[in-house]
Amino acid sequence: MNTQQPQRSDKELWRSLAIQPPVAPVSTPIAVSEVDLAAWLEGRLTEEAAGPVEAAVAADPALRRAALDLADILGKPLPAAPERMVVRARALVGFEAERKISSGGLIGRWLFGRSWHALQQGAMAVVAVVIATGGFVVGGGLSESLARQGEGYSATETASTTNTASNEVSEFFAGDGI
Amino acid sequence: MGVAELNQIDLRALTRGDKRTWDAFVIAAAPLINAVVRRTLSAYRLSEDDVMDAAQDVFVRLCAQDFRLLKSYDPARAGLPTWLSVVSRSCAIDHLRRRRQATEPIDDVPEAFLGVEDRHIEKLRIPDGLLTARQILVLKYLYDEERDVMEIARLLSVDAQTIRSTHHKALLRLRAHFRDDRPDGGG
């Protein structure tokens with residue numbers, strides 16, 4: 001089979017056309033969808049459907065190279081992927097049970113839909129309440145505290161009454177010049 | 001498992017988020033995604049970590065938003081391996097673009113990327129309708145990229161003789177057209 005490259009003169013003609021200044025603006029490359037490009041690479045498109053894809057590929061040097069690269073890759077056996085790549089990719093999707101727990105229905109979404117900062121604040125508040133309650137219970141609770149406060153109040157009141165009486169006796173003697 | 005096994009993946013289970021199907025899909029798809037990402041990034045001298053991240057981007061894109069991209073795949077239009085290779089290439093290019101947005105040492109940029117593009121090659125003044133899209137594509141592969149006839153034939157799923165015939169007909173049309181229409185009157 002003859003696989004010779006075309007004649008030099010043909011190439012010269014093609015390149016001589018290339019150096020002509022364009023008289024009309026060069027049309028912008030046509031966007032081609034991923035599925036259309038894939039279908040074209042597999043030769044599944046009709047001649048009519050393949051036209052726009054081929055025009056897009058012809059107009060874009062990167063796409064021309066990509067088409068050849070992909071055809072080459074798809075046409076031969078591939079080396080195994082690194083284990084790290086496989087492990088990372090597998091971790092993207094969890095087991096059903098994990099996903100149910102993580103979603104957790106409406107309440108779960110309400111709870112876990114909040115920001116992590118809000119969760120931290122909530123946890124801190126709970127810890128603070130536990131510590132305060134624990135300290136309060138260890139300290140004897142409200143009744144003991146009130147009882148102590150009551151005792152203190154009676155003692156003060158008695159002392160205060162005594163002081164008043166002694167003041168009155170002193171004034172009595174002072175008033176008589178004693 | 002390999003590319004052939006990709007066609008045996010239960011797409012419904014996959015897009016439902018079934019863990020076992022996803023794991024089987026990853027094992028079957030990883031060699032292809034790895035190869036495409038490496039080939040796409042090969043000109044840019046990126047690290048192994050970049051290849052890993054770009055490949056991970058492909059998998060993330062496939063399962064993101066409740067497998068939206070995978071759900072959009074239509075087996076009637078293209079085979080899963082081919083579609084996946086095109087998606088992988090797009091993701092690798094997106095990864096490259098994002099990475100290039102950060103400051104990059106000029107030594108890391110391929111020379112071809114910095115060079116001034118030979119625009120005259122891309123601005124052929126060929127009248128609309130003179131050549132078919134396939135004829136232009138064949139001429140560009142042959143002359144602008146100096147690709148082998150067999151390579152082009154493989155890409156277009158035709159035999160080498162068809163490529164030679166397409167080339168011959170295109171040249172006949174060009175010669176016939178420019179013999180009469182050259183602006184310098186040179187025939």
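Trainee: How many helices and strands does the secondary structure of chain B come to?

Mentor: In this predicted model, chain B has ten helices and zero strands. Along the sequence, the pattern reads α-α-α-α-α-α-α-α-α-α.

Trainee: Why is Arg16(B) called partly exposed?

Mentor: Let's count together! Arg16(B), which lies in helix α2 (residues 11-16) of chain B, has 13 other C-beta atoms within 10 Å. A residue is exposed at 12 or fewer and buried at 20 or more. Because 13 falls in between, Arg16(B) is partly exposed. In space, Arg16(B) is 8.0 Å from Phe67(B), C-alpha to C-alpha, while the two are 51 residues apart in sequence.

Trainee: What makes Leu68(A) buried, exposed or partly exposed?

Mentor: The count is 18 other C-beta atoms within 10 Å. Since buried needs 20 or more and exposed needs 12 or fewer, Leu68(A) is partly exposed. Leu68(A) sits in helix α4 of chain A.

Trainee: Which residues is Leu68(A) in contact with, leaving aside its neighbours within four places in sequence?

Mentor: Leu68(A) is in contact with Arg147(B), Glu151(B) and Leu155(B). To be called a contact, a pair must have C-beta atoms within 7 Å. Leu68(A) and Leu41(A) are 9.2 Å apart, but that value is C-alpha to C-alpha, so it cannot be set against a cut-off for C-beta atoms.

Trainee: How do you know that the buried residues of α5(A) line one face of the helix?

Mentor: The buried residues there are Met85(A), Val86(A) and Ala89(A). Looking down the axis of α5(A), they fall within an arc of 95°, so they line one face. The face turned away from the buried side carries the exposed residues Glu83(A) and Val87(A).

Trainee: What covers the buried residues of α5(A)?

Mentor: The cover includes α3 and α4 (48-72) of chain B.

Trainee: What makes the crossing of α4(A) and α3(B), and which residues make the contact?

Mentor: The axes of helix α4 (residues 61-74) of chain A and helix α3 (residues 19-41) of chain B come within 10 Å and cross at roughly 145°. The crossing is right-handed. From α4(A), the contact uses Asp69(A), Leu70(A) and Ile73(A), and from α3(B) it uses Ala35(B), Val36(B) and Arg39(B).

Trainee: Why are two residues of that contact called charged?

Mentor: Asp and Arg count as charged, so Asp69(A) and Arg39(B) go in that class. Ala, Val, Leu and Ile count as nonpolar, and the contact divides into four nonpolar, no polar and two charged residues.

Trainee: How many residues of chain A and chain B are in contact with each other?

Mentor: There, 55 residues of chain A are in contact with 62 residues of chain B. On the side of chain A that touches chain B, the largest share, nine residues, comes from α4(A). By class, that side has 35 nonpolar, six polar and 14 charged residues.

Trainee: Where in chain B is the pLDDT below 50?

Mentor: That is the case over residues 180-187 of chain B. Beyond near neighbours in sequence, this stretch has two contacts in the model. Where pLDDT is low, the predicted coordinates should not be read in detail. For chain B, the mean pLDDT is 85, and 82% of its residues reach 70 or more. Among the elements of chain B, helix α7 (residues 119-122) has the lowest mean pLDDT, 48, and α3(B) the highest, 96.

Terms used: Residues numbered from 1 in each chain as written. Chains lettered and ligands numbered in written order. Predicted model: local features only at pLDDT ≥ 70, side-chain atom pairs only at ≥ 80, totals over all residues. Helix = DSSP H or I, 4+ residues; strand = E, 2+ residues; numbered from the N terminus. Axes fitted to C-alpha atoms, helices over the stretch in contact; angles between N-to-C directions. Left-handed = near helix turned anticlockwise from the far one by under 90°. pLDDT = per-residue confidence, 0-100. Arc of directions from axis to C-beta.
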